[in-house]
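Got the viewer open? Here's a tour, one selection at a time.

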Amino acid sequence: MEPPQESAAGDRKRRRRGGGRNRRKPSSSSQQAPPPAAAPPPLPSPPSKRRRKDGTGQAAATPKRGNTSSLLDKMRARLSGGHFRMLNEKLYTCSGQDAFDYFKNDPNLFDVYHTGYREQMSHWPEQPVNVIINWLKRHNASWTVADFGCGNAAVAKNVENKVFSIDLVSDDPSVIACDMAHTPLDPSSVDVAIFCLSLMGTNYPSYLEEANRVLKPSGWLVIAEVRSRLDPNNGGADPEKFSKAIIQLGFSLVSKDEKNKMFILFYFKKKEKSKVAKSIDWPQLKPCLYKRR
Ligand code: SAH
């Protein structure tokens, strides 16, 4: 799969322009039926579809119903793909509070978003959430974990640790529904804070400040982000500047895993005696817009 591309917005504009042309009133000459010679010859159906199941080889009746429903399925998939991309763009271009209010008004949109998200992720060679799950499994099962922007709570479902799963909407009693800039977790109460592709809002630094509040001294901050958002050659933020800002929040960068094609992983540790710098120069993280498939 190709990386998510910002060109999706350009594609959309071009399609919209094309759509405008298509909507224009036909001129009087184009209203006439085209001459019969212009009609393309009908395509032969693939032989397999023309055979009866009984193997007689006689032509079967046209499976009209099947064709109609597969066309409808395609149209539905296209519509929900478009809806997913709209919601995705919304999440990357508004604050966490606005996103929370938006989904609160219509929680079904959350399912639309996650159906599209899963579809997009199915094309990634490796799922960042699995890398994080495996990392947790190799460490301490007694650590308490906070999964910020948990999605379908894959972390909680796959590790022995106690996990606070946090997201904008909860369709599961174990998930805390809130804007993750303000969680109900106690200060210095968790050993690991995870952000797996969830630094979406325009106020993303406030999510990291919240993680800093709830993390114990020496706690881990694990961040997976889409590679293109941290690629300065492509309009993304400078990963060094991103790390530096988190270091100024009171962390040390323990390691960075850049071997995956689609995402970068950062492992930070909160300093024993951490101190937040007076002013932190947070880089802007550009939205990750997914390609139309
Ligand atoms: N971490 C999951 C899901 C990633 S999708 C995984 O890797 O599978 C990003 C998730 O972050 C979405 O579920 C979205 O709803 C959530 N999210 C984005 N902004 C949020 C906010 N301000 N508060 C809580 N959750 C948020």
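## Salt bridges to start

Count side-chain nitrogens of Lys or Arg within 4 Å of a carboxyl oxygen of Asp or Glu, and you get 6 salt bridges. Keep in mind as you click around that this is a predicted model. The general idea is simple: side chains of opposite charge can pair when their charged atoms come close.

Select Glu210 and Arg213 for one of these pairs. Their closest N and O atoms are 2.8 Å apart. Both residues sit in helix α9 (residues 204-214), and because they are 3 residues apart there, about one helical turn separates them. The two partners have unlike surroundings: Glu210 is buried at 6% relative accessible area, while Arg213 is partly exposed at 31%.

While you're there, colour the whole of α9 by accessibility. The helix is mostly covered, with 8 of its 11 residues buried. Among the buried ones are Tyr204, Tyr207, Leu208 and Val214.

Next, pick Lys241 and Asp281. Their side chains form a salt bridge with an N to O distance of 3.6 Å. Lys241 belongs to helix α10 (residues 239-248) and Asp281 to the segment after β7 (263-270), so this pair ties together parts that lie 40 residues apart in sequence. Lys241 is partly exposed at 36% relative accessibility, and Asp281 is partly exposed too, at 49%.

Then go to Lys259 and Asp257, which meet in a salt bridge at 3.2 Å, N to O. Which end is exposed and which is buried? Lys259 is exposed, with 71% relative accessible area, whereas Asp257 counts as buried at 12%.

## A loop residue next door

Step along to Asn260, in the loop between β6 (251-257) and β7. Asn260 is at 12% relative accessibility, so it counts as buried. Show its contacts and ignore neighbours within four places in sequence: what remains is Glu126 and Arg227.

## The ligand

Now centre on the ligand. Which residues come closest? There are 18 residues around the ligand, and the closest are His114, Gly149, Asp167, Asp179 and Met180.

Switch on distance labels and try these polar contacts:

- Gly149: a polar backbone atom is 2.7 Å from a nitrogen atom of the ligand.
- Asp167: a polar side-chain atom lies 2.6 Å from an oxygen atom of the ligand.
- Cys196: a backbone N or O atom is 3.0 Å from a nitrogen atom of the ligand.

Add a surface to see how wrapped up the ligand is: the protein covers 97% of the 570 Å² of accessible area that the ligand has on its own.

## Two backbone angles to check

Open a Ramachandran plot if your viewer has one. Most residues other than glycine have a negative phi. Two residues here go the other way.

Ala153 has a positive phi near 60 degrees. Look for Ala153 in the loop between β1 (144-148) and α8 (154-158). With a relative accessible area of 4%, Ala153 is buried.

Ser188 also has a positive phi, near 45 degrees. Ser188 is found in the loop between β3 (175-177) and β4 (190-196). Buried or exposed? Neither, quite: Ser188 is partly exposed, at 41% relative accessibility.

## Along helix α4

Move over to helix α4 (residues 64-93) and select Glu89. Glu89 is partly exposed, with a relative accessible area of 28%. Now add Leu289 and measure between the C-alpha atoms: the gap is 6.4 Å, even though the two residues are 200 apart along the chain.

Staying with α4, click on Met75. Together with Leu71 and Leu72, Met75 forms a nonpolar patch on the surface, with about 290 Å² of accessible area in total.

## Zoom out

Finish with the whole protein in cartoon view. The protein has 10 helices and 7 strands, and buried residues make up 40% of its 293 residues. Switch to a surface, and the accessible area is about 17,100 Å², with 52% of it belonging to carbon and sulfur atoms.

If you have a contact map handy, look far off the diagonal. Among contacts between residues at least 6 apart in sequence, 68% join residues at least 24 apart.

Terms used
Residues numbered from 1 in each chain as written. Predicted model: local features only at pLDDT ≥ 70, side-chain atom pairs only at ≥ 80, totals over all residues. Heavy atoms only, no water. Helix = DSSP H or I, 4+ residues; strand = E, 2+ residues; numbered from the N terminus. Buried < 20%, exposed > 50% of the residue type's maximum accessible area, 1.4 Å probe, protein only. Patch = residues over 30% accessible without salt bridge, like charges linked within 9 Å, V, L, I, M, F, W, Y side chains within 5 Å. Areas by Shrake-Rupley, 256 points an atom, 1.4 Å probe, with all protein chains shown as cover. Near = heavy atom within 4 Å. Polar contact = N/O pair within 3.5 Å; in protein donor to acceptor, adjacent residues only side chain to side chain. Contact = heavy atoms within 4.5 Å.
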